[in-house]
Amino acid sequence: MSTFRALVAEQGAAGERFQLTVKEMNAQDLPEGEVLIRVQYSSLNYKDALAVQPQSRIVQRYPHIPGIDLAGTVISSEAPQFQPGQAVIVTGFGLGVSHFGGYSQWARVPADWVVPLPPELSPAEAMAVGTAGLTAAMSIDALERHGLEPSQGPVLVTGATGGVGSFAVALLAARGYRVAASTGKAAEQSYLRELGAQEVLSRSELQREAVRPLEKQAWAAAVDPVGGRSLAFILASIQYGGAVAVSGLTGGGDIPTTVHPFILRGVSLLGIDSVYFPLERRYALWERLAKDLKPTGHLDRIGSRRISLEQVPEAVESILSGQLKGRIIVEV
C-alpha cells in the first residue's frame, strides 16, 4: 500500500473556518521519524478541536493532520526497540500539533515518542483512555505522591463529564475515594453516579462571583481540568495540607485568587502536563492503566462513541459547544 487516507486541515482566508477534508496521501508526505505506524484508532480531544480553529494558534503550519493520540502497529522501524507488527501507542509530544497526528492511516514519528501497547489493553481501549485518561491518571498519581489517601476526605473532580473528568471520577472511585463530581450538565447525574461519584455538584456552585480568601474546608484534594474562576473557589475550599492537580483551561486561563490558601492552609497547586511527561514515567503509567488503574467496567461507558474520519468535523463542533460526554474514539 503506497497511499493512505488522512483527515487534512487546510487554512482558508483570514478569519474563515479551516477546511477539514479526507484525502489520499503518500508516504513521502509524512514528516521525519524513525517509526512508521499503521494507525487503527485515534481519539477526539479538546486540543484537537482547538487545533482546527483559526484563532487558536496551536498549530503553526498548514496543511496539517490533527490527532494528538494514536494506537496501531509498527510497519517499519529504524529503532531497534520496535519491531514490525508490534502494537504501540503515541500520545503527546508534538503529535497532532507540530507534527502530523493520528487522523491518518499512516503516521511516522520519532522513536522516543512511542510506547509499547500493554497486552492487557486493546488498541481501541487504549484510545478510550488516550491523553484524557493518561492526564487523569497523572493527576491522581501526583496527588497520591503528595500524600493523598481515601481516609482524608472527599476529592472534587471538575468538568466531570469530559474525558479527563470522567476518567478521574472512575479511577478515584475504584481506588476507594469519595468523589464529588462537578458538571454543568444536570442531565448527566446518573452517568456520573454510574462511574462512582457519590455527590454531584452543579458547576455554578464553584463559580462564585466573590470568593473569600479562605472558604469552608470542603475537599481533601481536587482534580481540575477546567481552571478559570472556579479554581479560585476550589483553592480556598481545600482542606489543610491538601492539593489541586490542574491540567486544563476550558474555564479560562486567569485565576482570581490570593496567596492565603497557600500560606495559611499549606495548599499545593500541582501542574499536570501530559505533553512532555517523561518517557520512563509514561511507560509506567500506561502499564498501570492496563492493570491497577484500568477502569474495569467503565471503559465502554466512557468511550462509548466511535466515529469515522469523515465524522470528525461534526464531532469537533460538539466538543467546542460543551456537548461532549466521555470520550470519542476515531476509527481510522
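This briefing covers salt bridges, a helix pair, two backbone features and some surface residues. The structure is a predicted model. It holds 15 salt bridges, and seven residues, among them Asp141 and Asp292, are linked in a network of such bridges. Helices H2 and H3 cross at roughly 55°, and the peptide bond from tyrosine 62 to proline 63 is cis.

**Salt bridges between separate elements**

- Side chains of opposite charge can pair when their charged atoms come close.
- Lysine 23 pairs with glutamate 10 in a salt bridge, with 2.8 Å between the closest N and O atoms.
- This pair links distant parts of the chain, 13 residues apart: lysine 23 belongs to strand E2 (residues 19–26) and glutamate 10 to strand E1 (residues 3–10).
- Lysine 23 is partly exposed because its relative accessible area is 32%, which lies between the limits of 20% and 50%.
- Glutamate 10, at 24% relative accessibility, also counts as partly exposed.
- Aspartate 69 forms a salt bridge with arginine 327, and the closest N and O atoms are 3.4 Å apart.
- Aspartate 69 is in strand E4 and arginine 327 is in the loop between helix H9 (312–320) and strand E15 (328–331), so their salt bridge ties together parts that are 258 residues apart in sequence.
- Both aspartate 69 and arginine 327 are buried.

**Salt-bridge network**

- Asp141, Glu144, Arg145, Arg175, Arg281, Arg288 and Asp292 make up a network linked by salt bridges.
- One pair of side chains that meets in a salt bridge is aspartate 292 and arginine 288, at 2.9 Å from N to O.
- Aspartate 292 counts as partly exposed, with 45% relative accessibility.
- Arginine 288 is partly exposed too, with a relative accessible area of 22%.

**Helix pair H2 and H3**

- Two packed helices are described by the angle between their axes and the distance between the axes.
- Helix H2 spans residues 123–145 and helix H3 spans residues 163–174; their axes come within 8 Å and cross at roughly 55°.
- H2 and H3 are therefore oblique to each other, since an angle of this kind is neither under 35 degrees nor in the range of 65 to 115.
- The crossing of H2 and H3 is right-handed.

**Backbone features in loops**

- The peptide bond that joins tyrosine 62 to proline 63 is cis, and its omega is near 0°.
- Proline 63 sits in the loop between helix H1 (46–50) and strand E4 (69–77). Strand E4 also holds aspartate 69, from the salt bridge described above.
- Phenylalanine 93 is not a glycine, yet its phi is positive, at about 55°.
- The loop that contains phenylalanine 93 runs between strand E5 (87–91) and strand E6 (106–109).
- Phenylalanine 93 counts as buried because its relative accessibility is 14%, and the limit for buried residues is under 20%.

**Surface residues**

- Val259, Ile263 and Leu264 make a nonpolar surface patch of about 300 Å².
- Within this patch, isoleucine 263 has its place in helix H6 (residues 260–264).
- Isoleucine 263 is exposed because its relative accessible area is 60%, and exposed residues are those over 50%.
- Serine 190 is in helix H4 (residues 189–195) and counts as partly exposed at 46% relative accessibility.
- The C-alpha atom of serine 190 is separated by 9.4 Å from that of valine 200, and the two residues are ten residues apart along the chain.

Methods:
Residues are numbered from 1 along each chain as its sequence is written. This is a predicted model: local features need pLDDT of at least 70, side-chain atom pairs count only at pLDDT 80 or more; totals for chains, interfaces and linings use all residues. Side-chain values use heavy atoms; hydrogens and water are left out. Patches are made of residues with over 30% relative accessible area and no salt bridge: like charges are joined within 9 Å, nonpolar side chains (Val, Leu, Ile, Met, Phe, Trp, Tyr) within 5 Å. Accessible areas come from the Shrake-Rupley method with a 1.4 Å probe; for residues, only the protein chains shown count as cover. A salt bridge is a side-chain nitrogen of Lys or Arg within 4 Å of a carboxyl oxygen of Asp or Glu. Helices (H or I, at least four residues) and strands (E, at least two) are DSSP runs, numbered from the N terminus. Buried means under 20% relative accessible area, exposed over 50%, partly exposed in between (1.4 Å probe, protein chains only). Axes are lines fitted to C-alpha atoms, for helices over the stretch in contact, and angles run from 0 to 180 degrees between N-to-C directions. Angles under 35 degrees count as roughly parallel, over 145 as roughly antiparallel, 65 to 115 as roughly perpendicular and the rest as oblique. A crossing is left-handed if the near helix is turned anticlockwise from the far one by less than a right angle, and right-handed if clockwise.
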